[in-house]
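Dear colleague,

Here is the structure I said I would pass on. My notes on the strands, a helix and a cavity follow below it.

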Amino acid sequence: MKKIFGKKAGMTQIFTEDGVSIPVTVIEAYPAKVVQIKTQATDGYDAVKVAYIETKEHRINKPKKGELDKAKAGAMRKMAEFTPENGVEYKVGDVITVSELSEGNKVDVTGTSKGKGTAGNIKRHGHRRGPMSHGSKHKRKTGSIGAAGPHHVFKGHLMPGRAGGLRVTVQNLEVAKIDVENNLILVKGSVPGAKNSLVVVRQSVKVH
């Protein structure tokens, strides 16, 4: 399954011919250059290795520079792999762009959600608050964390703690528009992460 790597440029809206507003997230894709084709015979598995995000040559280490020079890919900051789709073949030197998607496609977008720091149960898990009347001692406090019998808190119990900053995937988002010239993908709805954060776009798996 091919992957397109990019950054979340922000949110905007587009209008249909009927004047209906559709909220979309703009993803600026990075052209990814194929630097290696891995196979069962040579590496024990099938994968396509790509490099993306141009950088200055002195910012990459010698092993990565040698690998990039071998593929004549120039100086690239990041590398990643993906499993190729059945029947789709790549070769070293190919460039994967947004042109491989089309309007109406369903995609899954993966990113790192915004970090919220330490949060209580209401913000972190959406729990209800207690009574707000005078004298209440449980306005936003954590409720019961277990019975007196076991004498311990069960693993997985929802508690206050670090919120956000997790790897999140939003599935089956519809591609509203493709701008090949500017390497932009507009998907309906929101995607995880802050503005300018890295995201990965891949075609959704059809479930029969």
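**Barrel, open sheet and cavity**

Strand β2 (residues 21–29) runs antiparallel to strand β11 (residues 184–188), and 5 bridges join the two. Opposite I27 stands I185 in β11. Please keep in mind that this is a predicted model.

That pair belongs to a barrel. It is closed by 6 strands in the order β1-β2-β11-β10-β7-β12, with antiparallel pairing. On average, neighbouring strands of this sheet are turned by 50° against each other, direction ignored.

On the other side of β2 in that order comes β1. β1 and β2 pair in the antiparallel sense over 9 bridges, and the bridge partner of I14 in β2 is I22. The hairpin of β1 and β2 has 5 residues between the strands, and G19 in this hairpin takes a positive phi near 85°.

β1 also pairs with β12: these strands run antiparallel and are joined by 5 bridges. Here K3 has R202 in β12 as its bridge partner.

Next, the cavity. How many cavities of 30 Å³ or more does the structure hold? There is 1, with a volume of about 40 Å³. Its lining consists of K2, K3, I4, L101, V107, V201, R202 and Q203. The elements that give two or more residues to this lining are β1 (3–15) and β12 (198–203). β12 gives the most, with 3 residues. K3 and R202, the bridge partners mentioned above, are both among the lining residues.

The second sheet is open. It is formed by 4 strands in the order β5-β4-β3-β6, and the pairing is again antiparallel. Its edge strands are β5 (76–82) and β6 (95–96), each of which pairs on one side only. α2 packs on this sheet and touches β3, β4 and β5; the direction of α2 makes about 70° with that of β5. Strand β3 (residues 32–38) pairs with β6 in the antiparallel sense over 2 bridges, and A32 stands opposite I96 in β6.

Two local details concern the ends of α2. At the start of this helix (residues 62–70), a side-chain oxygen of N61 comes to within 3.0 Å of the backbone nitrogen of K64. Just after α2, K72 has a positive phi of about 55°.

One residue of the open sheet deserves a separate note. K49 lies in strand β4 (residues 47–54). Is K49 buried or exposed? The relative accessible area of K49 is 15%, so K49 counts as buried, the cut-off being under 20%. Leaving out residues up to four places away in sequence, K49 touches K33, V34, V35, Q36, K38, E67, M79, A80 and E81. Of these contacts, K33, V34, V35, Q36 and K38 fall within the residue range of β3, while M79, A80 and E81 fall within that of β5. E67 falls within the range of α2.

To look at these places in the viewer, you could begin with the barrel strands β1, β2 and β12, then go to the cavity lining, including V201 and Q203, and end at K49 in β4.

Regards

How values were computed:
Residues are numbered from 1 along each chain as its sequence is written. This is a predicted model: local features need pLDDT of at least 70, side-chain atom pairs count only at pLDDT 80 or more; totals for chains, interfaces and linings use all residues. Side-chain values use heavy atoms; hydrogens and water are left out. A polar contact is a pair of N or O atoms within 3.5 Å; within protein, one must be able to donate a hydrogen and the other to accept it, and residues adjacent in sequence count only if both atoms are side-chain atoms. Two strands pair if DSSP finds at least two bridges between them. Axes are lines fitted to C-alpha atoms, for helices over the stretch in contact, and angles run from 0 to 180 degrees between N-to-C directions. Buried means under 20% relative accessible area, exposed over 50%, partly exposed in between (1.4 Å probe, protein chains only). Contact means heavy atoms within 4.5 Å. On a 1 Å grid over the protein atoms alone, a cavity is a set of points where a 1.4 Å probe fits but cannot get out, and a pocket is an open set with protein on both sides within 12 Å along at least five of seven lines; lining residues have an atom within 4 Å of a point. Grid points are joined across faces, edges and corners, and a volume is the space filled by probe spheres set on the points.
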